[in-house]
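Good morning, and thank you for the time on today's agenda. I would like to take you through a structure that is new to most of us.

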Amino acid sequence: MTSFQMAWLHFKRQKLQSALIVISLAMALACSGLLLRVYALSQSRYQSLPSDIDGVLGPKSGGIEILLGALNMETKFHGVIPENLFRTLRAGAELHFEDGSTVSSQNVTRAVIPITFLGQYAGHSVIATDESFFSDSDSKSAPKTDEIWIGYQVAQENGLDVGQPVTIDAKGTISKKTVQKTLRIAKILSEKHNAWDGALFVSQLNTESWLTETEAIHPVWKTKILNYVLFKMNPQGFVPLQSLINDRTVSQLIWVDTEKQKLSDLTNSAKDFGFIIILVIFALAGFSIFGMMSIRAQTLRVSVATLEAMGYLPRYIYSWILFEALMVGVSASVIAVLTEMIGFIFVRSSLGSTWLVSLSQSNSLEWSLLIIAEGFIFSILGAGLSSWQMVGLQIHSELKAG
């Protein structure tokens with residue numbers, strides 16, 4: 001009988017012990033993997049934000065909410081602002097300084113970009129904007145009313161190409177119903193390595209008609225609404241513009257770098273505590289698993305002594321212990337991967353787009369590989385502990401005691 005066959009036979013015979021060890025290790029791996037994945041996604045929420053936007057104008061709310069709503073497309077935070085404020089700023093609103101001087105906002109803003117979220121396609125946001133959004137890209141124009149431009153990530157995930165028709169679910173932030181719209185893909189945007197890769201873009205000229213069809217009528221501004229206005233501007237002009245907007249309008253202007261830092265600080269404040277929890281989970285699982293393996297090894301001393309008395313070499317014994325430990329690791333890893341995937345689906349559906357969970361895509365394969373690697377490490381350490389207990393085994397003493 002080979003050492004692998006011996007390991008499998010003993011693994012099956014000790015059903016209760018084997019099941020307890022496997023389940024303990026699987027739960028530890030699943031919980032730690034889930035916590036690590038949530039932490040990694042929370043980090044990506046500010047690392048993947050576009051870096052070429054200086055300021056964002058949005059509805060009155062917290063600065064982080066405006067940041068994530070506009071630049072990370074997190075639908076929980078979308079509100080509406082009057083379109084006439086955007087028109088006023090683009091035309092050149094006057095900024096009043098403390099010394100009494102007045103300067104047009106056109107002198108401090110390099111771009112004033114409208115953003116309206118008008119629907120979804122395969123879980124990706126559809127954004128209405130104009131040519132100012134694409135002014136720094138390889139195109140100086142914007143989609144026509146019957147066209148749609150696709151972000152690089154959307155095209156890759158859905159196998160889309162130029163010329164294909166795409167049917168989207170058109171629905172604004174305050175719409176009462178959804179209307180399907182079929183548009184032709186006119187352009188696939190180059191990869192930007194930020195959140196815009198996961199968006200689709202339509203003409204700003206579609207906004208009012210689509211909002212009317214979906215019954216998104218604001219009681220005051222009717223269909224003359226936007227979700228956000230993005231700014232590229234000179235830093236020295238931000239404070240007077242912010243004072244003008246925040247004090248005299250229903251909207252709020254934020255400086256992107258400031259809110260990014262706040263989000264980073266908020267996320268990192270929980271990092272150490274999260275790692276402590278993960279370490280505690282591993283420690284508790286490790287002590288329980290190694291303790292059970294130690295007890296298991298003690299019960300094997302007579303069997304091992306008998307095998308050695310029959311002429312089996314120590315390497316056969318150690319191979320048996322290693323194979324059995326790897327069986328534990330493989331079984332626990334499979335259960336842990338399935339549990340972690342189900343747990344993550346539950347977390348995303350329960351928490352949605354809160355600050356804990358990003359809408360960024362998460363590759364399950366890399367987390368599965370991490371869990372499997374952790375499972376094998378635990379198994380090998382357990383095998384080492386059990387083997388160490390067999391070193392220097394006194395055959396005659398063990399046989400007499402047995």
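I shall speak about aromatic rings, then a cavity, then backbone angles and finally salt bridges.

Please keep in mind throughout that this is a predicted model.

Let me begin with the aromatic residues. A search of the whole structure finds 10 aromatic pairs. One of them is formed by Phe134 and Phe201, whose rings meet edge-to-face, with 5.7 Å from centre to centre and 80 degrees between the planes. This pair links distant parts of the chain, the two residues being 67 residues apart. Phe134 belongs to the loop between β6 (124-129) and β7 (147-150), whereas Phe201 is in strand β10, residues 199-203. Are these two residues buried or exposed? Both Phe134 and Phe201 are buried.

The same two rings belong to a wider group, since one aromatic cluster is formed by Phe133, Phe134, Trp149, Trp196 and Phe201. Trp149, a member of that cluster, also has a charged neighbour: the charged end of Lys187 sits over the Trp149 ring, 5.9 Å from the ring centre.

I turn now to internal space. Across the whole structure, the search finds two cavities of 30 Å³ or more. I shall describe the second largest cavity, which holds about 50 Å³ of space. Which residues line the second largest cavity? The lining consists of Val80, Thr116, Phe117, Gly172, Thr173, Ile174, Leu211, Ile225, Leu226 and Asn227. Strands β5 (109-121) and β11 (225-226) each supply at least two residues of this lining. Sorted by class, the lining has six nonpolar residues, four polar residues and no charged ones.

Next, the backbone. Most residues other than glycine have a negative phi. Met73 departs from this, with a positive phi of about 60 degrees although it is not a glycine. Met73 is found in the loop between α3 (63-71) and β2 (81-82), and it counts as buried because its relative accessibility is 8%. Lys222 likewise has a positive phi, near 55 degrees. Lys222 lies in the loop between α6 (207-213) and β11, and at 45% relative accessibility it counts as partly exposed.

Finally, the salt bridges. How many does the structure hold? There are nine salt bridges, and I shall present three.

In one, Asp52 pairs with Lys232, and the closest N and O atoms are 3.8 Å apart. The partners are 180 residues apart, with Asp52 in the loop between α2 (15-47) and β1 (55-59) and Lys232 in strand β12, residues 228-233. Asp52 is partly exposed, at 38% relative accessibility, while Lys232 is buried, at 3%.

In another, Glu215 pairs with Lys177, again with 3.8 Å between the closest N and O atoms. Glu215 lies in the loop between α6 and β11, and Lys177 in the loop between β8 (165-170) and β9 (179-188), so the bridge ties together parts that are 38 residues apart in sequence. Glu215 is partly exposed, with a relative accessible area of 38%, and Lys177 is partly exposed with a value of 38%.

The remaining example joins Glu213 and Lys181, whose closest N and O atoms are 2.7 Å apart. Glu213 is in helix α6 and Lys181 in strand β9, 32 residues apart. Glu213 is partly exposed, with a relative accessible area of 33%. Why does Lys181 count as buried? Lys181 counts as buried because its relative accessibility is 18%, and the cut-off for buried is under 20%.

Thank you for your attention.

Technical notes. Residues numbered from 1 in each chain as written. Predicted model: local features only at pLDDT ≥ 70, side-chain atom pairs only at ≥ 80, totals over all residues. Heavy atoms only, no water. Phe/Tyr/Trp six-rings, centres within 6.5 Å; stacked < 30°, edge-to-face > 60°. Helix = DSSP H or I, 4+ residues; strand = E, 2+ residues; numbered from the N terminus. Buried < 20%, exposed > 50% of the residue type's maximum accessible area, 1.4 Å probe, protein only. Lys NZ or Arg CZ within 6 Å of the ring centre and 35° of its normal. 1 Å grid on protein atoms, 1.4 Å probe; cavity = no way out; pocket = protein on both sides within 12 Å on 5 of 7 lines; lining within 4 Å. Points joined across faces, edges and corners; volume = space filled by probe spheres on them. Nonpolar A, V, L, I, M, F, W, Y, C, P; charged D, E, K, R; others polar. Salt bridge = Lys/Arg side-chain N within 4 Å of Asp/Glu carboxyl O.
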